Every structure is written in C-alpha cells, then in structure tokens.
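Got the model open in your viewer? Good: here is a tour, one selection at a time.

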Amino acid sequence: MASLSPTHAQTHEHGGNRVRVWLTCAMAALAGLLFGLDIGVIAGALPFIAKDFQVNDHMQEWIVSSMMVGAALGAVLAGWMSYRLGRKYSLVLGAALFIAGSLACAFAPDPTFLIGARLVLGVAVGIATFTAPLYLSEVAPGNVRGAMVSAYQLMITVGILAAFLSDTAFSANGQWRWMLGVVAIPAALLLLGVLTLPRSPRWLMMKGRVDEARAVLDSLRPDSETVEQEIRDIAKQLEVKEHGFQLLRKSRDFRRSLMLGVMLQIVQQLTGINVVMYYAPRIFGLAGYSGHQAQLWGTVIVGAVNVLATFVAILLVDRWGRRPILLMGFTVMTVGMGALGYLLKLGISTHNEQIMAVAMLLLFIAGFAMSAGPMIWILCSEIQPIKGRDFGIAASTFTNWVANTVVGATFLTMLNTLGHAQTFWIYAALNAAFIGLTFFFVPETRGVPLERIEENLMAGKPLRQIGR
Ligand code: BGC
C-alpha cells in the first residue's frame, strides 16, 4: 500500500480548483435532473400512449411502474458496482443506460417492449440516485456539502418541471415518442461529462491507491495542507470497516436506525406524491378539465409549485429544524388530499369548484415539497452510524423505489374499485397518521454533529431523542 505522506511535496498548482469543484458538482446535479426528467416525463406521455396502443388502466399502471421496479434493482446493483467499479464508472454505465433506455422507449413497437425499455431506464435511474449523491458527498469540500446535497434535490424537481414543459410542447400532435426520446440528449451530456470527472478520492483510498487519491484532491482543494488533512481523515474513517450485514446481525441499535430509514421512505411515498407526479393529467380530468392542453398546462403548474416550494424547504431546514417542518407538511397534505376528496364526492361542475379542486391539489404539492420531499432524504443520510452508512442508505433508497412502485401500480385500480373520493381520503388518512409517526419516532437533527447522533443511537436512546 502506498504511503500516507506526500511523495511529491507541497509543490502543486491549485489554481482553477474552484471551477473544477463546481464542474464536478454540475455533473452530479445533471444526474439529479435526469432523475426528475424520467419521473416527470410519463405523466404527459401516458394519455397518448394509452390511445395509440389501446391499453387498459392495468397495463398503463405497468407502463408507469416498470421504471420504478428497474430503479429498485438499479439501487441494489449500484451498491455493489460503486464499490467494485468505483463511483465514476458506475455513473458512466448509468448514463449509457439512460441513453439506451430513452431511445428504446421512443422506438417501442408495442406496450410490452415499452415496459421492458422503461425497466432498463429504471435501472439507470436507480444507479444514478444511489451513486450521484454518494460521489457528491465524497468530492465536495466539507463546508459546501449540505448545500450541494440540497441542490441535488432541487435539480430533481427542476427535472420534473422540465419534463412537464417538454411534454406540453410535444403534445399538440400527440408526439409521445419525442417526449420519451428527447431525454436521451441530457443523458448524452451526462455521459460526456462524467467521462471527464476525476475518480472519487475516498474510493481510491478504499482501494489502497493513496497517490492517485492525493492527485485528485490536489486538483479539487485550495492548498496542500487541506489535501493532507483530508487524506488523514479518510484513512481514519476507513479504519472502521463497513460491514452492513454483520452490523445488522450484531447491533440492535443499527437495526433500529435501519428501520427508521426504511419507515421514513415508505412514509414519503405513501403521502401519495407520485400519484400526482405520474397521473396529474388524469387528476385534472377528474377535476373537470377535459382537454389535453388544459390538463398538460395544469401539470406544468404542479411542476412549478413543486420547484418553488422546495426553495422554501432549503431556506427553512436549518432554521426551524426537521420535526416542525414535517409536522406542518403532513398537516397541509392531509388538508389538501382530504378537501380534494370532499370536492370529488360533492361532484365538480362549476368553474369555481374546478378552481378549488386545483387549489387543493397545489396545496398538497406545496406541503410535500417544503417538507417530506427534501427532509426525508436529509434525515436518511443523517441517522445511520458510520459503519453501516452505505448499507443503511442503500436499504432506505431501495425501499423508496419499492414503495414508489406500489403507489404507481395501484392508483388507477384504486380509483376504479374504491371510488374517486375514497382514494384521496385514504391518502388523507395516511398523511394524518404520519403526523403521529413523526411526533413519536422522528428525531430532531438540526445542527447536531453526526458523531453525536451515532453516540446516542448506540447508547440505546429512543429514536426520537437521538438528536439531543
Ligand atoms: C421523491 C420522489 C418524488 C419527488 C417529487 C422526491 O423526494 O423521492 O419520489 O417524485 O420528490 O419532487
């Protein structure tokens, strides 16, 4: 193994490092954008696909959900790949699959092929959603790490909005193939971009390639002193071997934090957010907007509110803390879903009633975007002990996609069998229940060092108190 002391002295050029850091992060953010594009693109395309291929609701649910099944597989695969191939080449593979999947969707000759193509696309999404934030947290300097991870979240919502806009642009002639295919362009940019990225210094150190790690850090950090300090820090962290499974068997406390992460992600999906993201035009239809154009513009407004409210979350998260924001968010979402159900029960016929229904839908979206959207991802990255962090985050990310699949694959069936109002009331009731869950189980981690959270967890404190 190479030595930890600098072999080529303190004589490196550190000019232009800031640009390099930003370019690096811009690439990872592009991965977030693609994630959002692929979540958003199906909403506008689905009505046209359904018409072209003459598929029933059940088949539509599978066209939507096959991507999420792929993403769950991709997240597991990425855990292994990012260790074997490294973060950089996992991202390269993810980007290549993004291109292949998007083009395959665009040229799909029948619904079954389309489902297969979306499965491949999903694997790309799963790889990106696991690897990009990991890479980001390993190359970003400590003082901007939080901002970078938030920026990644924001890019997801921007991607969703961009997809809704592009869908609307292609909708005049019902060109769903263009809607799905155009995503290959940013995917190609990502591929070119990641090829120029440096490898993750932490991964290089993990593989014993200390000199290469030092060279990468030299190109990213302002001075040699910072580089050497970081090399020492990483080496110290690596002394703690990360054995997720063993720790899971041995430590009851790790099982608790793992369960909390898994529960948080299930909660995030059962709010019903993706019912709106995937089926927004259909929901606008229920609210009395029958034209494709009106439904698509409504969907664009949903995307815009989602972006704007995410800004609010980013501003508030370190001032108010996680718990108050989540409690407020679930309350707002309960009201939004409940009132929408009520309006559907009464029957929406007048213009005013239509406006009210849309307002309630937007209230729900704003409630999600300023709370559970970003907050759950932040919490999941904060609560795991260092030894089990990769494993814990992989498990909760995997759960996010499984729960996402369940929601996407059942919505139309719920509408058809339980009724419109009842479907939204079920989501309202779930959101109400999450107020209680947050109250009893979610810790406040605002401003608390990760080491402290770990100490409390491992000392057996109740989950709600591990941030004290
Ligand atoms: C969720 C996605 C959702 C998105 C909406 C994310 O935090 O994990 O499932 O589609 O927010 O903005």
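Before colouring anything, a word on terms: the domain bounds used here come from an automatic or database domain assignment. For this protein, that assignment gives domain 1 (17–197) and domain 2 (242–468). Keep in mind as you click around that this is a predicted model.

**Stop 1: the two domains.** Give residues 17–197 one colour and residues 242–468 another, to match domain 1 and domain 2. How far apart are the C-alpha centres of the two domains? They lie 21 Å apart. Now look at where the colours meet: 39 residues of domain 1 are in contact with 38 residues of domain 2.

**Stop 2: the nonpolar core.** Next, select I49, F98, M277, V302 and W401 and show their side chains. These are the residues with the most contacts inside the largest nonpolar core, which has 139 residues. Which helix gives the largest share of this core? Helix α1, residues 17–53, supplies 20 residues. With your domain colours still on, you can place the core: domain 1 and domain 2 both give residues to it, so it lies between them.

Zoom in on V302 and add its partners. Leaving aside neighbours within four places in sequence, V302 is in contact with F164, V276, M277, F284, L361, L362 and I365. Apart from this big core there is another one, of seven residues, with A78, V123, F130 and A394 among them.

**Stop 3: the ligand.** Select the ligand and bring up what is around it. How many residues surround the ligand? There are 13, and the closest are Q268, Q269, N274, N306 and W377. Try drawing a few distances to oxygen atoms of the ligand:

- N274: a polar side-chain atom lies 2.6 Å from a ligand oxygen atom.
- W377: an N or O atom in the side chain is 3.0 Å from a ligand oxygen atom.
- N400: a polar side-chain atom lies 3.5 Å from a ligand oxygen atom.

Then switch to a surface view. On its own the ligand has 310 Å² of accessible area, and the protein covers 97% of that.

**Stop 4: the helix α1 region.** Go back to helix α1 and pick C25, which lies in it. Is C25 buried or exposed? C25 is buried, because its relative accessibility is 6% and the cut-off for buried is under 20%. Now add A151: it is 126 residues away from C25 along the chain, yet the two C-alpha atoms are separated by 9.4 Å.

Move on to Q54, in the loop between α1 and α2 (57–84). Check its backbone: Q54 is not a glycine, but it has a positive phi of about 55°. Q54 is also exposed, with a relative accessible area of 67%.

**Stop 5: two more helices.** Select R322, in helix α15 (residues 322–346). Buried or exposed? With a relative accessible area of 4%, R322 is buried. Beyond its neighbours within four places in sequence, R322 is in contact with V317, M375, I378, L379, E382, E444, T445 and R446.

Finish at L418, in helix α18 (residues 389–418). L418 counts as partly exposed, at 42% relative accessibility. Not counting residues up to four places away in sequence, L418 touches T413, T423 and I426.

Technical notes
Residues numbered from 1 in each chain as written. Predicted model: local features only at pLDDT ≥ 70, side-chain atom pairs only at ≥ 80, totals over all residues. Heavy atoms only, no water. Core = buried A, V, L, I, M, F, W, Y, C linked by side-chain atoms within 4.5 Å. Buried < 20%, exposed > 50% of the residue type's maximum accessible area, 1.4 Å probe, protein only. Helix = DSSP H or I, 4+ residues; strand = E, 2+ residues; numbered from the N terminus. Contact = heavy atoms within 4.5 Å. Near = heavy atom within 4 Å. Polar contact = N/O pair within 3.5 Å; in protein donor to acceptor, adjacent residues only side chain to side chain. Areas by Shrake-Rupley, 256 points an atom, 1.4 Å probe, with all protein chains shown as cover.
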